[in-house]
Amino acid sequence: MFNIIIKENYAQVSSEAFRIMRETIRKENPVLGLATGSSPIGLYKKMIADHNTNGTSYKNVTTFNLDEYIGLPKNHDQSYWTFMHENLFDNINVKEENIHIPEGDVEDEEAECQKYEELLNQYEIDLQILGIGTDGHIGFNEPGTPFDSVTHIAELEEQTRTDNARFFDDDIEAVPTHAITMGLVSIMRAKKIIVIATGENKADAVYGMIKGEKSVDCPASILQDHPDVTVILDTKAASKVEA
Ligand code: GLP
């Protein structure tokens, strides 16, 4: 079930996401599912500002990230480990031992997937933050990913690598070809989900997620079966669902 919220601009979209986040972090031992990409950055900024201004504590918070590129060492400037530390973790008081991100620079990636899946299964995510790819991917679950997938190695679509080349000096060759991603099953297990999408280039994917046929062709359409998804959009990303 989707609760759709449409806002004028990205600042308002981020405030709305933060409003829901704040309810979750007030719980006793919150477990957050976190995403990278540009969509959640405004939310993370609000979490940091609130931590600095109001002293909101993250010492009892546990986090799980959706995905990580294969082949990038943790300290690479485009690894998701670096992204999360720079954009959130280094600026709040979450404990390093409570942070979970798949490791993409390991000898045995299959073993890493299994390890991550086993760990995930010991927890229940209270709030999962999601962005959406222009091809409808969530995490790095690309079109064609079975709905019963667990943590796995994903081959990135050309479209996704093109979209993400902006973070690699516009050099698509520099964008990794594979990633480790949480599967669709783990995302669906979250108690509550927020999807953040802004900009015209997300309008088709947003339409596919909400109004399209439920199909592996649009992985985000699996969310049609989740009982508690809030989709927060700007008017451009919402343009096709509103029509
Ligand atoms: C990336 C990430 C996703 C993210 C999506 C959209 O490749 N793996 O988790 O939601 O693509 O990114 P953005 O928010 O930058 O548009």
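This passage describes the sheets, helices and ligand surroundings of a predicted model.

The seven-stranded sheet is considered first. In this open sheet, 7 strands follow one another in the order β1-β10-β9-β6-β2-β3-β5, and the pairing is parallel. Its edges are formed by β1, residues 2-7, and by β5, residues 99-100, each of which pairs on one side only. Within the sheet, strand β6, comprising residues 127-130, runs parallel to strand β9, comprising residues 192-197, and is joined to β9 by 4 bridges; in this pairing, L127 stands opposite K192 of β9. Strand β2 is paired in the parallel sense with strand β3, residues 62-65, again through bridges, of which there are 4, and here L34 faces N65 in β3.

The cover on strand β2 can be described residue by residue. V31 and G33 lie on one side of β2 and L32 and L34 on the other, and as these four residues are all buried, both faces of the strand are covered. This arrangement follows the general pattern in which the side chains of a regular strand alternate between the two faces of the sheet. Helix α1, which spans residues 10-25, lies across β1, β2 (31-34), β6, β9 and β10 (229-234), and runs at about 155° to β10. Helix α1 also contains E23, a residue with a relative accessible area of 45%, which is therefore classed as partly exposed, the range between 20% and 50%. Between the C-alpha atoms of E23 and G139 the distance in space is 23 Å, and the two residues are 116 residues apart in sequence.

A further helix, α7, is associated with strands of the parallel sheet. Of the 8 residues of α7 (203-210), 6 are buried, and the helix is accordingly described as mostly covered. The buried residues in question are A203, A205, V206, G208, M209 and I210, and they pack against β1, β9 and β10 as well as against helix α8, residues 239-242.

The loop between α4 and β6 contains D126. This residue has a relative accessibility of 8% and so counts as buried, the cut-off being under 20%. Two polar contacts involve the side chain of D126: one reaches the backbone nitrogen of V31 at 2.8 Å, and the other is made with the side chain of K191 at 2.9 Å. When neighbours within four places in sequence are left aside, D126 is in contact with T24, K27, N29, P30, V31, K191 and K192. One of these contacts, K192, is also the residue that stands opposite L127 in the pairing with β9, while V31 is one of the buried residues of β2.

The model also holds an open sheet of 3 strands, in which the order is β4-β8-β7 and the pairing is antiparallel. Strands β4 (67-69) and β7 (152-155) each have a single partner strand and stand at the edges, so that one side of each is left without a neighbour in the sheet. On average, and with direction ignored, neighbouring strands of this sheet are turned by 30° against each other. The antiparallel pairing of β4 with strand β8, residues 178-181, extends over 3 bridges, and the bridge partner of Y69 in β8 is A179. Helix α4, residues 109-120, packs on this sheet, where it touches β7 and β8, and its direction makes about 125° with that of β7. On the other pairing of the sheet, β7 and β8 are antiparallel over 4 bridges, with H152 matched to T181 in β8 as its bridge partner.

The surroundings of the ligand comprise 13 residues, of which S38, S39, N164, R166 and K202 come nearest. Several polar atoms of the protein lie at short listed distances from ligand atoms. A polar backbone atom of S38 is 2.7 Å from an oxygen atom of the ligand, and an N or O atom in the side chain of D67 is 2.9 Å from a ligand nitrogen atom. In addition, an N or O atom in the side chain of H137 is 3.1 Å from an oxygen atom of the ligand. Taken alone, the ligand exposes 390 Å², and the protein buries 95% of that area.

Definitions and conventions
Residues numbered from 1 in each chain as written. Predicted model: local features only at pLDDT ≥ 70, side-chain atom pairs only at ≥ 80, totals over all residues. Heavy atoms only, no water. Pairing = 2+ DSSP bridges. Helix = DSSP H or I, 4+ residues; strand = E, 2+ residues; numbered from the N terminus. Contact = heavy atoms within 4.5 Å. Axes fitted to C-alpha atoms, helices over the stretch in contact; angles between N-to-C directions. Near = heavy atom within 4 Å. Polar contact = N/O pair within 3.5 Å; in protein donor to acceptor, adjacent residues only side chain to side chain. Areas by Shrake-Rupley, 256 points an atom, 1.4 Å probe, with all protein chains shown as cover. Buried < 20%, exposed > 50% of the residue type's maximum accessible area, 1.4 Å probe, protein only.
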